[in-house]
Structures are given as C-alpha cells and as structure tokens.
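Welcome to this set of worked exercises. Have a look at the structure below, try each task on your own, and then follow the solution step by step.

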Amino acid sequence: MTITPALCIHELLLPLVTSLQSQMRTHTMRTADAGYHSEANVRELHEQNIAALIADNAMRRRDERFATQARYQTAPPPLHNKTPNPVATGGFPPSAFTYDA
C-alpha cells in the first residue's frame, strides 16, 4: 500500500490557476492569501507570466497602513512569562469521599 502525503495548501494554487486559465482575461489579476505563498508558487507564476498578488506572513508588518492597528502589532511569545501559576485551592477534601468496601 502506498501512502500519499497530504498536499499543503500552497501546493493547490498552481493547479487551480492552471485549470481556470480559460476563464481569465489578459488584465485579470489573481489574488491569494498567505496560505498559498511559497517561493515555488511565486517563481512558477512569474515564469508563466501570470499576474498574481499573494500575501506573505510578514505583509502586515511591512505595510505602513497597519502600523497603528494594535491587532497587527507583534505580541510577546505566549510562553514569555515563566512564573508558575498558583495552584487552585478549595477542591474536594478527602472527607468528601466515602469508601465502599
């Protein structure tokens, strides 16, 4: 039995663009979100002279229009605070249980 690895989302872009070529006009701009960004996709689209805009993961950090929007600011790593969380107290004491032999 041969196991075929699952395709990554960015591997689906070129087959989709190719299958839709007959629907496109010379002025059609293809757009895709960051999930489709890869060096291979960008290179292949360029080599085929296909106009496309594909966002990358750093786009919002570079775009000055997002500079003042807190939603797109770089957040500290989620594990930056290494202090242990206090243990919750007040659970069930041993006397709350009974033993049935």
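## Exercise 1: The cavity

The largest cavity holds about 30 Å³ of space. Keep in mind while you work that this is a predicted model.

**Task.** Find out which residues line the largest cavity, and which element gives the most to this lining.

**Solution.**

- Step 1. Begin with the count: there is 1 cavity of 30 Å³ or more.
- Step 2. List the lining, which is made up of L13, V17, R30, T31, A32, L45, A52 and I54.
- Step 3. Turn to the elements: helix 1 (13-19), strand 1 (30-32) and strand 2 each bring at least two residues to the lining.
- Step 4. Pick out the top contributor, which is strand 1 with 3 residues.

## Exercise 2: The overall layout

**Task.** Work out in what order the elements run from the N terminus on, and how many helices and strands there are.

**Solution.**

- Step 1. Count the elements: the protein has 3 helices and 2 strands.
- Step 2. Read from the N terminus on, and the order is α-β-α-β-α.
- Step 3. Add the surface: the accessible surface comes to about 9,300 Å², and carbon and sulfur atoms account for 57% of it.
- Step 4. Look inside: 11% of the 101 residues count as buried.
- Step 5. Check the contacts with a separation of 6 or more: 33% of them link residues 24 or more positions apart.

## Exercise 3: The nonpolar core

**Task.** Say which residues make up the largest nonpolar core, then describe the surroundings of I50.

**Solution.**

- Step 1. Name the members: the largest nonpolar core has 6 residues, namely L13, V17, A32, L45, I50 and I54.
- Step 2. Recall a general tendency: in soluble globular proteins, nonpolar side chains tend to be buried together.
- Step 3. Place I50 in the loop between helix 2 (39-47) and strand 2 (52-54).
- Step 4. Test I50 for burial: its relative accessible area is 12%, so I50 is buried, since the cut-off is under 20%.
- Step 5. Find what I50 touches beyond four places in sequence: V17, Q21, R30 and L45. The C-alpha atoms of I50 and R30 are 8.0 Å apart, although 20 residues separate them along the chain.
- Step 6. Do the same for L13, leaving out neighbours within four places in sequence: L13 is in contact with A32, Y36, N41, L45 and I54.

## Exercise 4: Three residues in and after helix 2

**Task.** Decide for each residue whether it is buried, partly exposed or exposed: N41, A40 and N49.

**Solution.**

- Step 1. Start with N41, which sits in helix 2. Its relative accessibility is 4%, and therefore N41 counts as buried.
- Step 2. See what surrounds N41: beyond four places in sequence, N41 touches H10, L13, L14 and Y36. The side chain of N41 also reaches the backbone oxygen of Y36 at 2.8 Å.
- Step 3. Move to A40, also a residue of helix 2. A40 has 46% relative accessibility, so it counts as partly exposed. From C-alpha to C-alpha, A40 and L14 lie 9.7 Å apart, with their positions 26 residues apart in sequence.
- Step 4. Finish with N49, found in the loop between helix 2 and strand 2. N49 counts as exposed because its relative accessibility is 73%, and the cut-off is over 50%.
- Step 5. Note the backbone of N49: its phi is positive, about 55 degrees, although N49 is not a glycine.

Definitions and conventions: Residues are numbered from 1 along each chain as its sequence is written. This is a predicted model: local features need pLDDT of at least 70, side-chain atom pairs count only at pLDDT 80 or more; totals for chains, interfaces and linings use all residues. Side-chain values use heavy atoms; hydrogens and water are left out. A nonpolar core is a set of buried Ala, Val, Leu, Ile, Met, Phe, Trp, Tyr and Cys residues joined through side-chain atoms within 4.5 Å. Buried means under 20% relative accessible area, exposed over 50%, partly exposed in between (1.4 Å probe, protein chains only). Contact means heavy atoms within 4.5 Å. Helices (H or I, at least four residues) and strands (E, at least two) are DSSP runs, numbered from the N terminus. Accessible areas come from the Shrake-Rupley method with a 1.4 Å probe; for residues, only the protein chains shown count as cover. A polar contact is a pair of N or O atoms within 3.5 Å; within protein, one must be able to donate a hydrogen and the other to accept it, and residues adjacent in sequence count only if both atoms are side-chain atoms. On a 1 Å grid over the protein atoms alone, a cavity is a set of points where a 1.4 Å probe fits but cannot get out, and a pocket is an open set with protein on both sides within 12 Å along at least five of seven lines; lining residues have an atom within 4 Å of a point. Grid points are joined across faces, edges and corners, and a volume is the space filled by probe spheres set on the points.
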